[in-house]
Amino acid sequence: MVQGFEKVIAGPEPRRAPLVSYRYAHPAAVLAEPGTLAVFGFGAGATRNADPRWLGVELECFDAPAPLEIWQVQGPVTHGRVGDLRWSAGDGWLFAAIELDERHHGGPNGTGAAAYAQLCEFLATRRERHVQRIWNYLADINQGDGDDERYKQFCDGRAVGMGAFFADGFPAATAIGHHAAEPLQQIYLLASDQRGTRVENPRQVSAWRYPRQYGRTPPSFARAMALPAQDALAISGTAAVVGHASAHQDDLVAQLEETLTNLEALLASAGMNAGFDTQSPLKAYVRHPVDASHVHDFLQLRLPGVPVLLLHGDICRQELLVEIDGWRYA
Ligand code: 3EB
C-alpha cells in the first residue's frame, strides 16, 4: 500500500500525449498492436472493421490509397459500446465516437444535439472527462441560406447538446462538410483524466465571441489545446480568418499563406517553437478537388517533410477554400 500512498502525495503524473501518426497498414494489424486507442480510415474505399476503435471517416483522401491515422497510448486499452457511441480507454486517455443519421434525429440541429448529449452523458461517467479535441463531420455543410445554413443549424444543436458540460471552456475542434451519400454526422473526440490548457490566437476573435452575422449560436471551440503534459498542441481547424472576417476570397494561395500565419501564431501563443516537422501530422481540407494539387505543392514547399493528409471537405464558411488542422509535438 506504500506505493499507492506515495502516488497520492506525489500528485498525478502528467499524461504523455498519445502518438498520432499516418501509416499504410491493415486496420486489423494495427488494432492488434498494444496501446492502439483508435484507427481511422478515409473515404469510401476504406476497409470496414467492427472494432469500436475503428472509424471510417466519410471524407475522400486525394492520395490513393489513403493511409490510416493511428492513435497510440502507453499500456493496455479497453473498449466498448454505450447507446449509439463507442469508446476506448487506456493510460488516462479516452477516445469516443458517435455516428448518427440525420434522417432519424431531426436534421443537423436535432442530430447535433442528440450526438453531443450522448457524448456528454457518457463523459460524465468517466474519469477521462476532460475533452481536449473534437472532430465534427457532417453532410452538405453549406446548404441553406443565412441562419438556415446546415452548419449554423449544427452549431445551434451542438450548443444545446453540450448543455453546461463545457462551462469551463470549449475544447479544440474541427467542423467540416463531407460528400457521402447518407446524411451522417460523425463526431469523435479525445479526452483525458487531466485538464489541458486552451490556447487562443491573438490574430483572431475567439470563435465563441463571433458577432451575430455568423449565426445565432457562435461556434463552440477553442483555437487549440495544449495537452496536460504540455507535450503536444492539438490544433483546431484553422483557415484564413483574421479578426472574425474571412480573408482573401477566391485566392487559394493567399488563403494558404494566411492559414500558415495563423498556425504559427497559435504555436507562439502556446509558447512553442515555430515550425512543423516530420512528427507533426496535419490535415488539409480542400473544398474544390481542382485545388488539391496546388495545396499539395504549396505545403510540400512551405512545410517540407511534414505529414499532411489531403482531404476533400467543405469548410464551414462558403468563401473559405482550405482549412488545416493537426498536431505539433513539443
Ligand atoms: C473558423 O475559423 C473556421 O465549428 O467546430 C474551425 C474549427 C471552424 C472548428 C467548429 C469551425 C469549427 O471559424 C471554422
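These are my notebook entries on a predicted model, taken one topic at a time.

**Entry 1: the ligand site**

I began with the ligand. Which residues come nearest to the ligand? Of the 13 residues around it, these are Tyr 151, Arg 158, Tyr 210, Arg 223 and Cys 316. I then looked up polar distances for some of them. A polar side-chain atom of Tyr 151 is 2.5 Å from a ligand oxygen atom. For Tyr 210, I noted 2.6 Å between an N or O atom of the side chain and an oxygen atom of the ligand. Arg 223 also places a polar side-chain atom by a ligand oxygen, at 2.9 Å. How much of the ligand does the protein bury? On its own the ligand exposes 360 Å², and 99% of that is buried by the protein.

While I was at Tyr 210, I checked the face of its ring. Arg 317 lies over that face, 4.9 Å from the ring centre. I also found a charge over a ring at Trp 87, where the charged end of Arg 126 sits 4.6 Å from the ring centre.

**Entry 2: the aromatic residues**

Next I went through the rings. How many aromatic pairs does the structure hold? I have 16 in my notes. One of them joins Trp 71 and Trp 135, a tilted pair with 5.5 Å from centre to centre and 45° between the planes. Trp 71 belongs to strand 5 (residues 68-72) and Trp 135 to strand 9 (residues 130-139), so this pair ties together parts of the chain 64 residues apart in sequence. Both tryptophans are buried.

Trp 71 has a further partner in Tyr 188. That pair is tilted too, at 6.1 Å centre to centre with 50° between the planes. Tyr 188 sits in strand 11 (residues 184-192), and the pair links distant parts of the chain, 117 residues apart. Like Trp 71, Tyr 188 is buried.

I then asked which residues share an aromatic cluster with Trp 71. The cluster consists of Phe 40, Trp 71, Phe 95, Trp 135, Tyr 137, Tyr 188, Tyr 285 and Trp 327.

**Entry 3: Tyr 137**

I followed the cluster to Tyr 137, which lies in strand 9. Is Tyr 137 buried or exposed? I put it down as buried, because its relative accessibility is 1%, below the 20% cut-off. Its contacts beyond four places in sequence are many to list, and they include Val 57, Leu 59, Thr 174, His 178, Leu 184, Tyr 188 and Lys 283. Tyr 285 is also one of the residues touched, and here the two side chains make a polar contact of 2.9 Å. Ile 176 is another contact of Tyr 137; the C-alpha atoms of these two are 5.0 Å apart, with their positions 39 residues apart in sequence.

**Entry 4: Gly 177 and Asp 156**

I moved on to Gly 177, in strand 10 (residues 172-178). This glycine counts as buried, at 0% relative accessibility. Leaving out neighbours up to four places away, I found it in contact with Leu 59, Leu 138, Ile 141, His 312, Gly 313 and Asp 314. I also looked up Arg 287, which is 110 residues from Gly 177 in sequence but 9.0 Å away in space, C-alpha to C-alpha.

Where is Asp 156? I located it in helix 4 (residues 150-162). Asp 156 is buried as well, with a relative accessible area of 10%. Outside its sequence neighbours within four places, Asp 156 contacts Asn 109, Arg 216 and Thr 217.

**Entry 5: the backbone**

Last, I looked for backbone features. Which residues does a cis peptide bond join? Ala 64 and Pro 65 are the two, with omega at about -5°. I placed Pro 65 in the loop between strand 4 (60-61) and strand 5.

I also noted positive phi values at two aspartates. Asp 140, not a glycine, has phi of about 45°. Asp 140 is in the loop between strand 9 and helix 4, and counts as partly exposed at 38% relative accessibility. For Asp 250, again not a glycine, phi is about 65°. The loop that holds Asp 250 runs between strand 16 (245-246) and helix 5 (252-269). I recorded Asp 250 as exposed because its relative accessibility is 69%, over the 50% cut-off.

Technical notes
Residues are numbered from 1 along each chain as its sequence is written. This is a predicted model: local features need pLDDT of at least 70, side-chain atom pairs count only at pLDDT 80 or more; totals for chains, interfaces and linings use all residues. Side-chain values use heavy atoms; hydrogens and water are left out. Helices (H or I, at least four residues) and strands (E, at least two) are DSSP runs, numbered from the N terminus. Buried means under 20% relative accessible area, exposed over 50%, partly exposed in between (1.4 Å probe, protein chains only). Contact means heavy atoms within 4.5 Å. Rings of Phe, Tyr and Trp (its six-membered ring) pair if their centres lie within 6.5 Å; planes under 30 degrees apart count as stacked, over 60 as edge-to-face and the rest as tilted. A charge sits over a ring if NZ of Lys or CZ of Arg is within 6 Å of the ring centre and within 35 degrees of the ring normal. A residue is near a molecule or strand if one of its heavy atoms lies within 4 Å of it. A polar contact is a pair of N or O atoms within 3.5 Å; within protein, one must be able to donate a hydrogen and the other to accept it, and residues adjacent in sequence count only if both atoms are side-chain atoms. Accessible areas come from the Shrake-Rupley method with a 1.4 Å probe; for residues, only the protein chains shown count as cover.
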